[in-house]
Amino acid sequence: MKFDLDYLDKLAKIVYENDLSEITLEDEERAVCFKREKQVVPMPAAVTPVVMPSTVTSQVIIPEKVEAKVEAPVEHSGKPITAPMVGTFYAAPSPDDAPFVKVGDTIATGQVVCIVEAMKLMNEIESEVSGKITEICVQNGESVEFGQVLMYVE
């Protein structure tokens, strides 16, 4: 077997292209062995380490410290009226009608304050307290979650 440079170059390409770690060829007189070491590039803890060929260089860029703005909790006055179910909030009985209540309105216990549509059923939401509406927390047509505050009554 003749080990000329072209032949050795072809073997090196086979090792590289097939991602082999080692190949050895021997005859009665000679032996040639190609070994390719792999390098583990350290990554951040949340990422699984990746095995990369030693000829590839890699750089991990870690962003500088990110500052999150923490807003102070908003103080709400009054008692909350919450959504009894998941659905869509409607402030009025129909698009052409006036809203059931507005900020500043005085309401009585049992008065309808809005509608929550769930599964094509319009559910009238009645106030469990009487007082003055101080804040309406959702927009007309907005999706609401179970227990989400719809408005505050003082």
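So, let's start at the largest pocket. Its lining is made up of Lys79, Pro80, Ile81, Thr82, Pro84, Ile125, Glu126, Glu128 and Val129. Keep in mind that we're looking at a predicted model here. The volume of this pocket comes out at about 160 Å³. If you sort the lining by class, you get 5 nonpolar, 1 polar and 3 charged residues.

Which strand gives the most to that lining? That's β5, with 4 residues. Strand β9, residues 121-126, is in there as well: β5 and β9 each supply at least two residues of the lining.

Okay, let's follow those two strands out, starting with β5. It belongs to an open sheet of 4 strands, and the order is β5-β12-β10-β7, with antiparallel pairing. The edges of that sheet are β5, residues 79-82, and β7, residues 106-107, and each of them pairs on one side only. So much for the layout; now a bit of detail on the β7 edge. Over there, β7 and β10, which covers residues 131-136, pair in the antiparallel sense over 2 bridges. If you want one spot to click on, take Thr106: its bridge partner in β10 is Lys132.

Now for β9. Where does this strand sit in its sheet? At an edge: β9 and β11, residues 143-144, are the edge strands, each pairing on one side only. The sheet itself is open and has 4 strands, in the order β9-β8-β6-β11, again with antiparallel pairing. In the middle of that order you'll find β8 and β6. Strand β6 spans residues 87-90 and β8 spans residues 112-118, and the two pair in the antiparallel sense over 3 bridges. Here the one to click on is Thr88, whose bridge partner in β8 is Glu117.

As a quick reminder, strands of a sheet pair through backbone hydrogen bonds, either parallel or antiparallel.

Let's zoom out to the chain. How many helices and strands does it have? The tally is 1 helix and 12 strands. Going from the N terminus, the helix comes at the start and the strands follow.

A few numbers to finish. The chain has 154 residues, and 21% of them count as buried. Its exposed area is about 11700 Å², with carbon and sulfur atoms supplying 53% of that. And on contacts: take those with a separation of 6 or more, and 48% of them are between residues 24 or more positions apart.

Notes
Residues are numbered from 1 along each chain as its sequence is written. This is a predicted model: local features need pLDDT of at least 70, side-chain atom pairs count only at pLDDT 80 or more; totals for chains, interfaces and linings use all residues. Side-chain values use heavy atoms; hydrogens and water are left out. Two strands pair if DSSP finds at least two bridges between them. On a 1 Å grid over the protein atoms alone, a cavity is a set of points where a 1.4 Å probe fits but cannot get out, and a pocket is an open set with protein on both sides within 12 Å along at least five of seven lines; lining residues have an atom within 4 Å of a point. Grid points are joined across faces, edges and corners, and a volume is the space filled by probe spheres set on the points. Ala, Val, Leu, Ile, Met, Phe, Trp, Tyr, Cys and Pro count as nonpolar, Asp, Glu, Lys and Arg as charged, and the others, Gly among them, as polar. Buried means under 20% relative accessible area, exposed over 50%, partly exposed in between (1.4 Å probe, protein chains only). Contact means heavy atoms within 4.5 Å. Accessible areas come from the Shrake-Rupley method with a 1.4 Å probe; for residues, only the protein chains shown count as cover.
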